[in-house]
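Trainee: I'd like to learn how to read a protein model from scratch. Could you walk me through one?

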Amino acid sequence: MAAKKGAGVLELAVLGLLHESPMHGYELRKRLNTLLGMFRAFSYGSLYPCLKQLLANGLIMEDRPEEPNAPLALQSRRSKIVYKLTADGKERLQLLLTEAGPASWEDEGFGVHFAFFSHTRADVRLRILEGRRSRLEERLESVRAALARTRERVDSYTLELQNHGLESVEREVRWLNELIGRERAEQEQQAQSAKRIDQDMPRDEGR
């Protein structure tokens with residue numbers, strides 16, 4: 001189950017990055033390490049099976065530029081494969097970006113979904129942020145309860161580590177509160193603007 005979830009996160013990351021620009025495998029590896037490495041351990045060994053599966057599904061394609069002065073036997077070795085998104089790949093990416101269930105706000109997937117928020121609908125962004133906040137608030141209750149039970153029985157270093165974990169979660173909850181407030185304000189502003197346009201349309205048609 002965990003492997004399947006991880007594969008879904010990697011698929012979203014690869015499709016999202018290739019949507020921004022076609023890339024050689026090496027460049028894609030570097031970008032994925034920057035993106036995924038911030039949120040979880042990324043294994044390079046998982047990239048190429050993922051690319052192979054995406055190719056088989058027609059979601060990406062390979063572009064092998066030829067080197068005119070190189071012998072044919074060496075061209076396949078020397079040419080750098082460029083991976084590009086196909087039309088089906090773009091559709092698949094848009095589908096993945098509409099997902100706002102638990103997988104999108106758990107530790108495994110939240111950071112990658114957040115990285116592509118600029119391509120995500122506003123209502124989906126808000127659901128993911130609220131889901132993430134709810135998940136962390138549950139975690140806060142659990143951590144606080146554990147601290148209350150063990151505070152008198154652990155050494156000072158363990159206590160410091162537990163407090164550090166608690167502060168990290170509290171800090172992320174505050175950050176999420178700010179983002180959610182901003183998202184709601186923007187959506188409310190857009191709704192009011194749309195309402196004003198609707199109210200003005202009959203007057204414009206009557207002129």
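Mentor: We'll go through this model feature by feature, starting with the overview. Keep in mind that this is a predicted model.

Trainee: Okay, how many helices and strands does the protein chain have?

Mentor: A good habit is to take stock of the elements before looking at any residue. Here the protein chain has 9 helices and 3 strands. Reading from the N terminus, their order is α-β-α-α-β-α-β-α-α-α-α-α.

Trainee: And what share of the residues counts as buried?

Mentor: Burial is judged by relative accessible area, and under 20% counts as buried. By that rule, 32% of the 207 residues in the protein chain are buried. As for the outside, the protein chain exposes about 13,200 Å², and carbon and sulfur atoms supply 52% of that.

Trainee: What about contacts between parts that are distant in sequence?

Mentor: For that, you look at how far apart the partners sit along the chain. Among contacts in the protein chain with a separation of 6 or more, 63% are between residues 24 or more positions apart.

Trainee: Let's do the sheet. In what order do its strands lie?

Mentor: Strand order in a sheet needn't follow the numbering, so look at who pairs with whom. This open sheet of 3 strands is ordered β1-β3-β2, and the pairing is antiparallel. The edge strands are β1 (23–24) and β2 (60–63), each pairing on one side only.

Trainee: How many bridges join β1 to β3, and how many join β2 to β3?

Mentor: Antiparallel β1 and β3 (residues 82–85) are joined by 2 bridges. Between β2 and β3, also antiparallel, there are 4 bridges. Have a look at Y83 in β3: M23 stands opposite Y83, and Y83 is also the bridge partner of E62.

Trainee: Is there anything to see just after β3?

Mentor: Yes, try T86, which is in the loop between β3 and α5.

Trainee: Is T86 buried or exposed?

Mentor: T86 has a relative accessibility of 16%, so it counts as buried. Its side chain reaches the backbone oxygen of L59 at 3.0 Å. Apart from neighbours within four places in sequence, T86 is in contact with G58, L59, I60 and M61.

Trainee: L59 again! Does another residue give me a distance to it?

Mentor: Take E91, found in helix α5 (residues 87–96). E91 and L59 are 32 residues apart along the chain, with 8.7 Å between their C-alpha atoms. E91 is exposed because its relative accessible area is 57%, and over 50% is the cut-off for that word.

Trainee: Now the helices. How do I check the length of α8?

Mentor: Compare the end-to-end span with what the residue count predicts. Helix α8 (residues 122–150) has 29 residues and reaches 42 Å from first C-alpha to last, close to the 42 Å expected at 1.5 Å a residue.

Trainee: Which residues of α8 are buried?

Mentor: The buried ones include V124, R125, L126, I128, L129, L136, L140 and L147. L147 makes a nice example: at 3% relative accessibility, L147 counts as buried.

Trainee: What does L147 touch?

Mentor: Setting aside neighbours within four places in sequence, L147 is in contact with L159, Q162, N163 and L166. The C-alpha atoms of L147 and N163 are 8.2 Å apart, although their positions lie 16 residues apart in the count along the chain.

Trainee: Where is E183, and what does E183 touch?

Mentor: You'll find E183 in helix α9 (residues 156–206). Not counting residues up to four places away in sequence, E183 touches A122, R125, L126 and L129. The side chains of E183 and R125 are joined by a polar contact of 3.1 Å. E183 counts as buried because its relative accessibility is 11%.

Trainee: Is there a glutamate in α9 that isn't buried?

Mentor: Look at E167, also in helix α9. Its relative accessible area is 44%, so E167 is partly exposed. E167 and L140 are 27 residues apart in sequence and 9.4 Å apart in space, C-alpha to C-alpha.

Trainee: Last one: which residues does the "coiled-coil region" annotation cover?

Mentor: An annotation comes from a record, so set it beside the model. The unreviewed UniProt entry puts this label on residues 126–160. Over that stretch the chain is 86% helix and 0% strand, and the end C-alpha atoms are 34 Å apart.

Definitions and conventions:
Residues numbered from 1 in each chain as written. Predicted model: local features only at pLDDT ≥ 70, side-chain atom pairs only at ≥ 80, totals over all residues. Heavy atoms only, no water. Expected span 1.5 Å × (residues − 1). Buried < 20%, exposed > 50% of the residue type's maximum accessible area, 1.4 Å probe, protein only. Polar contact = N/O pair within 3.5 Å; in protein donor to acceptor, adjacent residues only side chain to side chain. Contact = heavy atoms within 4.5 Å. Pairing = 2+ DSSP bridges. UniProt positions renumbered as here; feature names shortened; annotations may be inferred. Areas by Shrake-Rupley, 256 points an atom, 1.4 Å probe, with all protein chains shown as cover.
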